[in-house]
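Got the viewer open and your selection box ready? Here's a walk through the model, one stop at a time.

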Amino acid sequence: MDSPPFLPALARLFTEGHNLVFWNDAEGEFTQDIDSLVLNNANVLRLDQTPLLKVKRELEAAPSANWLLYSPAPVPEPVDDWLLDARLRGKAFSADTASMQLDELGLASHALRPHLKQRAKFLRAKDRLERLKRWVHPQDTAADLDRKMLAVLARADTPDAASIFLKIFSTLAADGSDLSVTPKPLADMASNGLEPTLWTLAEQEFGYTVAAAEESPSLRGLLYHLLVTDFVNAVGTAPPALKPFVITDRARAAHASVFASRWRSDMSNYASYDTLAKVVAEELHIEALLGQLHADQLAEAMTFEAVEKRIIADLKGRIMAGHGANMDAMRTLIAKRRNGHWANPLLAGANENTKALSASYDALEAAASFFELQAAHSQGFSFANAQTAFERYRDELFRFDQLYRVFMRATEAVEPMGWSLLHELRVRMEESYSGWFISHLASAWDAVLEGEGGLLQQWRLPDVAHQASFYQHYVASSFSAAGPKRVYVVISDAFRFEAAQELARELNSRNRVKARLDAMLGVLPSYTTLGMASLLPHQSMAYKANAALDVTVDGLPTATLEQRSAILAQHGGVAIGRDELMEKGKDKGREFVRPYQVVYVYHDRIDAIGDKRGTETKTFEATAQAIQELSELVGFIFNNLNGSTIFLTADHGFLYQESALEEADRIAVQEGMPGVLKSKKRYILGRGLWPMQGTWAGNTASTAGTAPGEGSVDFLLPKGAGRFHFVGGARFVHGSAMPQEIVLPVLVIKESEASQTRTRTVEVSQLGSSHRVVTNKQRFEFIQNDAVSDRVLPVTLLLSIRDGEVPVSDEQAVTFDSTSSMLEERKRSIFLTIQAGTYDRNKDYALVARDAKTKAEAWRTPLRIDLAFSNDF
């Protein structure tokens with residue numbers, strides 16, 4: 001025979017030390033069970049069958065024995081209870097399901113038994129009961145139990161309202177984009193009689209109520225109220241169409257914003273936010289409503305993706321209208337938007353929309369800087385001499401090329417989305433770069449290149465290394481008594497100066513690495529065969545009289561990697577490709593380089609992509625890849641090969657423009673031109689070439705140091721950005737004498753343990769002496785203690801108010817990346833919104849800053865929350 005279900009709970013009371021247990025079974029439900037009940041550790045007395053005087057005598061005779069005193073009647077009134085003294089010493093027991101569950105849950109109040117009976121369906125499922133037990137506290141009320149039951153049905157991580165609604169919304173988003181769908185958690189709540197409790201919780205937490213008596217609460221209505229209220233809290237005013245959905249209670253409206261912020265920033269749930277916010281925005285026609293608002297009004301609004309697009313469109317208009325006006329305020333706004341949800345670089349890999357929005361801001365910043373630079377040179381360019389021209393490009397004007405590349409690269413991530421956000425700006429940028437910058441630079445450069453004293457007559461500059469002397473100037477001179485025992489030379493085909501400057505910034509942000517960017521004068525014509533040969537150690541360099549016009553150094557061929565390695569072997573060196581070297585790994589790589597004093601590492605990404613008609617439009621993508629690959633190579637040499645000195649340079653640079661060239665850009669070669677040996681888009685090689693209008697003419701003996709006579713060749717180069725022909729593509733070119741082609745980078749990269757080569761992030765301090773929060777929305781101000789530099793890196797902090805580790809406000813990201821030396825320009829401020837609740841004005845809370853990348857705590861400042869103080873006025 002099966003033991004009665006109440007037996008384990010009853011036996012447990014005796015094992016817990018209760019020796020008197022009173023069981024008043026008012027309805028006599030368990031009378032038959034008592035007659036057959038056998039307890040191993042207690043005596044059973046039926047109070048309806050045993051005289052009470054006898055019961056008292058038996059209890060007194062065996063005071064240490066265990067007794068179960070059963071009565072099929074209610075508990076008597078104290079004045080009528082002959083066993084009152086014993087009952088007060090004893091423990092009451094009840095065997096109905098609710099009572100046993102009350103006991104199993106460890107609840108202290110027997111007044112909860114009727115409530116547990118109401119929740120019988122929920123409690124009948126063993127797995128739900130077990131999950132509920134993890135969260136129950138002895139002093140829980142009926143409302144506490146219901147909230148925790150909701151959390152069980154929602155499968156929330158914690159039994160708080162925010163976690164419950166996050167899980168419900170996450171399930172709704174997973175079901176698709178139909179807000180009318182009833183997600184499983186809500187269906188389970190309804191079937192267990194708990195749906196009204198959910199809507200009560202929504203009203204208590206967020207102030208959500210339905211507007212008309214005939215309406216019923218819904219997830220759609222709750223979402224409308226939460227997101228619209230969050231939006232209106234940020235912009236300050238509600239468009240008329242949205243006013244019905246604004247939560248009017250001030251504290252609960254603030255809590256709605258805190259919830260929305262938490263939802264957006266929760267790595268487990270932000271995707272569901274994106275899905276549902278998009279649906280709400282479409283149903284409420286948010287995009288149309290935003291047309292009345294400008295970017296500054298929307299600066300704090302993070303609710304809808306449409307806000308981001310409206311801000312981008314507004315800023316684009318400002319840039320085009322200002323065309324070089326001061327853009328500091330715009331950059332501050334961009335920084336704030338980058339720290340928000342939709343364009344956050346830390347989430348840029350999450351989806352294509354986020355990447356495109358982040359790239360849009362990259363494009364806006366690049367365009368603003370480009371037009372500021374253009375405004376500073378609105379009269380064009382004028383150089384006193386070639387030396388000044390070279391220095392101006394090296395020190396400043398390269399930024400035009402860099403900003404143009406960054407802008408075009410960013411728009412490549414935006415265009416696949418089908419957005420027209422940046423189309424006009426892209427057209428303007430192309431006109432300004434190709435039509436203004438290149439033409440003005442070409443004109444000024446031409447003036448210092450030609451003529452009796454022009455650079456073309458004497459292809460040398462004071463205090464500037466010539467590419468043909470690269471080995472002697474940099475490599476050979478590094479082998480002093482205290483110099484490195486091994487030097488690495490990295491040559492990246494078509495890696496131009498502006499890209500090297502970006503790589504230098506990236507390398508200098510690392511610990512123990514110091515990169516110095518020099519510039520040298522490239523050989524002319526600026527093409528691979530001649531440039532690669534000139535970078536090798538040599539005493540003489542000459543053209544071979546063959547169809548390919550190969551170039552030799554000291555009589556040895558230089559065309560292939562093996563041939564260059566043979567030349568380097570005479571100087572204790574070797575040549576190898578970048579990928580081949582890295583594929584060797586640490587051990588085999590060390591074994592490979594051990595015999596050599598000089599290791600030349602060749603890399604080809606930009607030229608391999610750009611110099612082909614089918615892929616030339618990917619030139620800037622290839623440049624970004626090249627920067628990354630070279631950065632990885634530097635790390636590999638230092639970390640795996642014990643390298644300490646690297647010289648990174650290029651054989652030539654390049655010109656590139658996005659717009660297709662026109663016939664006017666083509667320089668026709670005179671018919672019958674004699675002596676042509678090789679004809680390319682940007683250079684013609686030969687012997688006895690005629691001078692030609694619109695070209696520069698010269699001989700490689702002067703511009704590259706090749707052996708005079710048969711060892712050299714004549715050349716013709718198109719002036720400016722002209723091309724001789726468009727065969728094989730015309731956007732990516734090199735070979736002529738524009739600064740982008742012949743101002744070559746030399747990155748001198750060294751590894752050092754010196755303190756000067758160690759990096760750190762900027763330090764940030766809170767401003768102000770007041771540490772009391774007196775309003776639901778509190779302003780905080782911060783100062784970036786020092787300026788960002790090569791060694792002092794920017795930091796993004798996540799700021800929130802917390803009770804211990806539990807957030808009680810929204811959390812906002814702020815990036816501190818100012819390079820200004822002025823303290824006032826390094827200030828940042830935010831508003832944090834306190835969630836609804838009761839706060840102890842005498843308790844310490846904290847303003848907490850966490851690193852956005854690592855989530856590690858950076859610092860915390862104690863503060864008090866005294867919201868009642870503000871309510872007194």
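Which helices do the buried residues of α18 pack against? Select α18, residues 328-338, and bring up its neighbours: the buried residues pack against α17 (305-322) and α19 (352-376). Before going further, keep in mind that this is a predicted model.

**Stop 1: around α18 and α17**

Show the side chains of M330, L333, I334, A335, R337 and R338 in α18, which are buried. Two arginines are on that list, R337 and R338. An α-helix has 3.6 residues a turn, so residues three or four places apart point the same way. Keep that in mind as you turn the view.

Now slide over to α17 and pick K316, which is found in that helix. Is this lysine buried or exposed? K316 has a relative accessibility of 10%, so it counts as buried, the cut-off being under 20%. Follow the side chain of K316 outward and you get to the backbone oxygen of L421, at 3.2 Å. Leaving aside residues up to four places away in sequence, K316 touches L364, L421, L422, E424 and L425.

**Stop 2: the cavity by α21**

Next, go to α21 (423-449). Turn on cavities if your viewer draws them. Two cavities of 30 Å³ or more come out of the count, and the largest holds about 50 Å³ of space. To see what lines the largest cavity, select Y433, S434, I438, L655, Y656, Q657, A721 and R723. The elements giving two or more residues to this lining are α21 and β13 (655-656), with α21 supplying the largest share, three residues. Colour the lining by type and you should get five nonpolar residues, two polar and one charged.

**Stop 3: β12 and its partners**

Select residues 645-649, strand β12. How many of the five residues of β12 are buried? Five of the five are, so the strand is largely enclosed by the rest of the structure. Look along the strand and you'll see T645, F647 and T649 pointing one way, with I646 and L648 pointing the other way, and all of them buried.

Add the partner strands. With β5 (residues 487-492), β12 pairs in the parallel sense over four bridges; to find your place there, V489 stands opposite F647. With β19 (residues 743-751), the run is antiparallel, and five bridges join the two strands. For a landmark on that pairing, T649 has V746 in β19 as its bridge partner.

**Stop 4: β10 and β11**

Now try 573-577, strand β10, where five of the five residues are buried. G573, A575 and G577 point one way, V574 and I576 the other. Bring in β11 (residues 598-603): β10 and β11 run parallel and are joined by five bridges. One of the pairs to label is G573 with its bridge partner V598 in β11.

**Stop 5: a three-stranded sheet, and a serine**

What is the order of the strands in the next sheet? Reading across, the order is β7-β8-β9, in an open sheet with antiparallel pairing. β7 (541-543) and β9 (556-557) are at the edges with a single partner strand each, so one side of each is left without a neighbour in the sheet. Zoom in on β7 and β8 (residues 551-553) and you can trace three bridges between them, including the pair of M541 and V553.

From here, hop from Y543 to S712, since Y543 is among the residues S712 touches. S712 is in the loop between α30 (700-703) and β17 (714-718), yet the residue is buried, at 2% relative accessible area. The side chain of S712 reaches the backbone oxygen of A707 at 2.6 Å. Other contacts of S712 include R687, N699, T700, A701 and T706.

**Last stop: L832**

Finish in β28 (residues 827-833), where L832 lies. L832 is buried, with a relative accessible area of 0%. Show what is around L832 and you'll find contacts that include N776, K777, F780, L799, I801, D810 and L847. Then run a distance from the C-alpha atom of L832 to that of F479: the two residues are 353 apart along the chain, and the separation is 58 Å.

Definitions and conventions: Residues are numbered from 1 along each chain as its sequence is written. This is a predicted model: local features need pLDDT of at least 70, side-chain atom pairs count only at pLDDT 80 or more; totals for chains, interfaces and linings use all residues. Side-chain values use heavy atoms; hydrogens and water are left out. Buried means under 20% relative accessible area, exposed over 50%, partly exposed in between (1.4 Å probe, protein chains only). Two strands pair if DSSP finds at least two bridges between them. A polar contact is a pair of N or O atoms within 3.5 Å; within protein, one must be able to donate a hydrogen and the other to accept it, and residues adjacent in sequence count only if both atoms are side-chain atoms. Contact means heavy atoms within 4.5 Å. On a 1 Å grid over the protein atoms alone, a cavity is a set of points where a 1.4 Å probe fits but cannot get out, and a pocket is an open set with protein on both sides within 12 Å along at least five of seven lines; lining residues have an atom within 4 Å of a point. Grid points are joined across faces, edges and corners, and a volume is the space filled by probe spheres set on the points. Ala, Val, Leu, Ile, Met, Phe, Trp, Tyr, Cys and Pro count as nonpolar, Asp, Glu, Lys and Arg as charged, and the others, Gly among them, as polar.
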